[in-house]
Amino acid sequence: MARKLLTDNTIKNLKPAAAGKRYFVHDTLVPPFGVRVTGNGSKSYIIAARIAGSKDTTRPSLGKVGSISLAAAREKAKRWLTLIEAGEDPRESELQDAEAKAKDRQTTFRAVAERFIKEWLPGQRKAKVVEREIRRELIGFWGDKPIKALQPDDVITRMDAIRLRGRGTGAYARNVYGHVQRIFIWALPRGYGLTHSPCDRLRPKDMKLTKRSRERVLDDFELFALWRAASRTPQPYGPLVQLIMLTGARLGEVGRAEWREFDLDRDKLWTVPPARFKTNTTHLVPLTADMLALLSEIDEWDECDFVFSFDGERCFNGYSKSKLRLDQRMALAWRAARRVRGLRWKNEELPNWTLHDIRRTVRTRMSELKIDDKIAEHVIGHARVGIQGVYDRHRYVAEMRDALEKWNALLARIVKAPPGGNVVQLPAGEGRSADAV
């Protein structure tokens, strides 16, 4: 049994053993460590030691030459010697480590999040949006990290990065934080080695994720201009916006609406299914004469049940571009309407607004119409809380129909002409359209 200071060149130059034989060359730097060479020239790193429970010296393999570097093999030999001196079998320890690593691979954030997406998200409201945000904002950063290793500072750092990324991302970061909370709530009882969630003691306001309540309510000039702009916007986006104005429904409820949900003849009801309603319950919307008239003007596709579709295959998308074009048309009508009333001034700009502001406007106008708060809340689909929400299952369809008819009548008066004015033709060259009003 030879002893040499093993180097890569020394090992490379070792000749094969005689046929059917093998020999060992031990390292002078770490004496129990060495190389085993067989008759076919195969070379493996080994360690010569008496392992606990064995009467004889054994030479277990540390790995084949070429599959592990000399330096790595020498360090592994040192670790094994430490374990042997402690009375442990390093082979069993290595097997346990391998099993632990395999388990860690199954419990990485990526693996858990993918299972969450597959098992919990289907059927949930905004499932596709949530999946996209989880993949982009969370899996892309924490993917290979064991989920049990995630700490509060990991969550804070990630939320800070999203919040500070650009204008308007504070609310978005809050939404992503909600996904993190939900994933851990789902994972805790499912055997991933978790004893708690890193979100347990984190509060959104401590990460500056406090939700800002918008207060934007569209005035009569804006409602007039929005309806006029929507009426000049081709299907499906124009009618989609108008249906939101008439119903006060959420964008997701209207945008993915299907014809099968509408009873246009007998009961004149739109039934929004739980999968698309915020509280996961069925929501009824009484259809008024104005709503029925609008729906009758929408072109139906032969093999597509979506009410609002560009191609007859999918529900409407492309909201950002369509909203931009709508804003441009709305701004023209708004400036013209204000000019009629002598309220226009140089470089006047239409204040920013969102589609969700329409819901707030509908709810506010219902209060102005002296509609009972409970009925107004039913109309826009706000969940009732407490004991009333549990036991009061009355649908209030008749009351909601009356409330919507009052709102639609007010909206009709507003959109027929500029507030306080008459329908007029703009002089040629005024704005981009001669009939913006």
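# Notebook: a first look around

**Entry 1, the overall picture.** I started by counting elements, and the chain has 16 helices and eight strands. I note here that this is a predicted model. Next I looked up burial: of the 437 residues in the chain, 43% are buried. Then I turned to contacts with a separation of 6 or more, and found that 57% of them are between residues 24 or more positions apart.

**Entry 2, the strands at the start.** I went to the beginning of the chain. Strand E1 (residues 2–4) and strand E2 (residues 22–27) run parallel, and three bridges join them. In this pairing I found Lys4 opposite Asp27 of E2.

E2 has another partner to write down. It pairs with strand E3 (residues 33–38) in the antiparallel sense, over five bridges. How many residues does the hairpin use to join E2 to E3? I found five residues in that connection. Across this pairing, His26 stands opposite Gly34 in E3. A reminder to myself for viewing strands: in a regular strand, side chains alternate between the two faces of the sheet.

**Entry 3, helix H4.** Which residues of H4 are buried? My list reads Phe109, Val112, Ala113, Phe116 and Ile117. They sit on the same side of H4, because they cover an arc of only 140° around the axis. I also checked what covers these buried residues, and the cover includes H5 and helix H7 (170–187).

**Entry 4, aromatic rings.** A handy note first: a pair of aromatic rings is described by the distance of the centres and the angle of the planes. My search gave a count of eight aromatic pairs.

One of them is Phe109 with Trp142: the ring centres are 5.3 Å apart and the planes stand at 90°, so I logged the pair as edge-to-face. Phe109 lies in helix H4 (residues 109–119) and Trp142 in helix H5 (residues 127–142), so this pair ties together parts 33 residues apart in sequence. I looked up burial for the two, and both Phe109 and Trp142 are buried.

Phe262 and Trp270 make an aromatic pair too, and I logged this one as stacked, with 5.1 Å from centre to centre and 10° between the planes. Phe262 and Trp270 are buried as well.

I also found an aromatic cluster, formed by Phe116, Trp120, Trp186 and Tyr192. Phe116 was already in my notes as one of the buried residues of H4.

**Entry 5, charges over rings.** I then looked for charged ends sitting over rings. Arg158 has its charged end over the ring of Phe141, 3.5 Å from the ring centre. Arg250 lies over the face of Phe277, and there the distance to the ring centre is 5.2 Å.

**Entry 6, cysteines.** How many disulfides does a search of the whole structure find? I found zero. I wanted to know why Cys304 has no bond, so I looked for the closest cysteine sulfur: it belongs to Cys315 and is 8.6 Å away, too far for a bond. A disulfide would need the two sulfur atoms within 2.5 Å. From the other side, Cys315 is in no disulfide either, and its nearest cysteine sulfur is that of Cys304.

Are these two cysteines buried or exposed? Cys304 counts as buried because its relative accessibility is 8%. Cys315, at 14% relative accessibility, counts as buried too. The cut-off behind both calls is under 20%.

Notes:
Residues numbered from 1 in each chain as written. Predicted model: local features only at pLDDT ≥ 70, side-chain atom pairs only at ≥ 80, totals over all residues. Heavy atoms only, no water. Buried < 20%, exposed > 50% of the residue type's maximum accessible area, 1.4 Å probe, protein only. Phe/Tyr/Trp six-rings, centres within 6.5 Å; stacked < 30°, edge-to-face > 60°. Helix = DSSP H or I, 4+ residues; strand = E, 2+ residues; numbered from the N terminus. Lys NZ or Arg CZ within 6 Å of the ring centre and 35° of its normal. Arc of directions from axis to C-beta. Contact = heavy atoms within 4.5 Å. Pairing = 2+ DSSP bridges.
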